[in-house]
Amino acid sequence: MKTVILSLLLLGLAFAASSNFDYYVFSNRWTGTACMGHHDAEADKLPPGAYNFTVHGLWPSQVEGFGPFYCDDSYPFDMSEISDLKGEMQMIWPSLWGSAEGFYRHEWEKHGTCSMPITHDEHGYFKKGLELAKKLKLEQVLFNHGIVPSWNKKYDYFEIESLLQEHTGSKITFTCKTHSGAAYLNEVRVCMDKQFQPMDCPHLQSCYGQVYLPPISC
């Protein structure tokens, strides 16, 4: 009986620690920018029709400070647990740098284990990320307004910001990369509450001026 009680207490403590976060950051990278100078032989070749905004991660976050990270090492990553999601993962949440298994292991162990009280397990965590990407349809918002991938055309950053924030109904954060003096849209991070509804991001970043949205090149 004492053993059972101790086990339950330890389980409760583990889940309490892993639920110690305030909101999620749902990070989506512009695939064309992410591919620039980074794609390597280990990473999967993206299939036709892959998203222009692909998921980087679904990250439990705190308003104050960083993390949480690596919440429970008793749930190691197992690629077979998400084998039924492989086709969608390659389209929506692919690895662009290194092997897919290594990328997913990193996202699960660093972030997914902290999400278990809500997404429950490895499969639930990755499935939720796919569902959010399909629901948000960030790239379609831009396409509907003539903002499409191009190596040559630059777009007004503030128009992109305005369109996506109006679409989500929340203030979201953006990052850009600079290459040869030009700015490239890099990541769009939508903050979400624990019911996965968009909310204003507590910590905002933004770009400025004219930005490129390059086509997928990997």
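**Exercise 1.** In this predicted model, locate the salt bridge between glutamate 131 and lysine 128 and classify the accessibility of each partner.

*Solution.* Step 1: both glutamate 131 and lysine 128 belong to helix H6, where they sit 3 residues apart, about one turn of the helix. Step 2: their closest N and O atoms are 3.4 Å apart, and the cut-off for a salt bridge is 4 Å. Step 3: glutamate 131 has 34% relative accessibility and therefore counts as partly exposed. Lysine 128, with a relative accessible area of 22%, is partly exposed.

**Exercise 2.** Describe the salt bridge that glutamate 88 forms, and state which elements it links.

*Solution.* Step 1: the partner of glutamate 88 is lysine 134, and the closest N and O atoms are 2.6 Å apart. Step 2: glutamate 88 is in helix H3 and lysine 134 in helix H6, so the pair, 46 residues apart, links distant parts of the chain. Step 3: glutamate 88 is partly exposed at 31% relative accessibility, and lysine 134 is partly exposed at 32%.

**Exercise 3.** Is glutamate 187, the partner of arginine 189, buried or exposed?

*Solution.* Step 1: glutamate 187 forms a salt bridge with arginine 189, with the closest N and O atoms 3.1 Å apart. Step 2: the relative accessible area of glutamate 187 is 5%. Buried means under 20%, so glutamate 187 is buried. Step 3: the count of salt bridges comes to 4.

**Exercise 4.** Place phenylalanine 66 in the structure and relate it to the surface and to the largest pocket.

*Solution.* Step 1: phenylalanine 66 lies in the loop between strand S2 (53-61) and helix H3 (86-92). Step 2: its relative accessible area is 77%, so phenylalanine 66 is exposed. Step 3: together with Phe69 and Tyr70, Phe66 forms a nonpolar surface patch with about 420 Å² of accessible area. Step 4: the largest pocket has a volume of about 400 Å³. Its lining consists of 18 residues, and those closest to the centre are Tyr23, Val25, Ser61, Phe66 and His203. Step 5: S2 gives the largest share of this lining, 3 residues. By class, the pocket lining has 9 nonpolar, 8 polar and 1 charged residues.

**Exercise 5.** Characterise the largest cavity by volume and lining.

*Solution.* Step 1: there are 2 cavities of 30 Å³ or more, and the largest cavity has a volume of about 50 Å³. Step 2: its lining residues include Phe26, Tyr51, Leu136 and Glu139. Step 3: S1, helix H6 (122-136) and helix H7 (138-143) each supply at least two lining residues. Step 4: the classes are 6 nonpolar, 1 polar and 2 charged residues.

Conventions
Residues numbered from 1 in each chain as written. Predicted model: local features only at pLDDT ≥ 70, side-chain atom pairs only at ≥ 80, totals over all residues. Heavy atoms only, no water. Patch = residues over 30% accessible without salt bridge, like charges linked within 9 Å, V, L, I, M, F, W, Y side chains within 5 Å. Areas by Shrake-Rupley, 256 points an atom, 1.4 Å probe, with all protein chains shown as cover. Salt bridge = Lys/Arg side-chain N within 4 Å of Asp/Glu carboxyl O. Helix = DSSP H or I, 4+ residues; strand = E, 2+ residues; numbered from the N terminus. Buried < 20%, exposed > 50% of the residue type's maximum accessible area, 1.4 Å probe, protein only. 1 Å grid on protein atoms, 1.4 Å probe; cavity = no way out; pocket = protein on both sides within 12 Å on 5 of 7 lines; lining within 4 Å. Points joined across faces, edges and corners; volume = space filled by probe spheres on them. Nonpolar A, V, L, I, M, F, W, Y, C, P; charged D, E, K, R; others polar.
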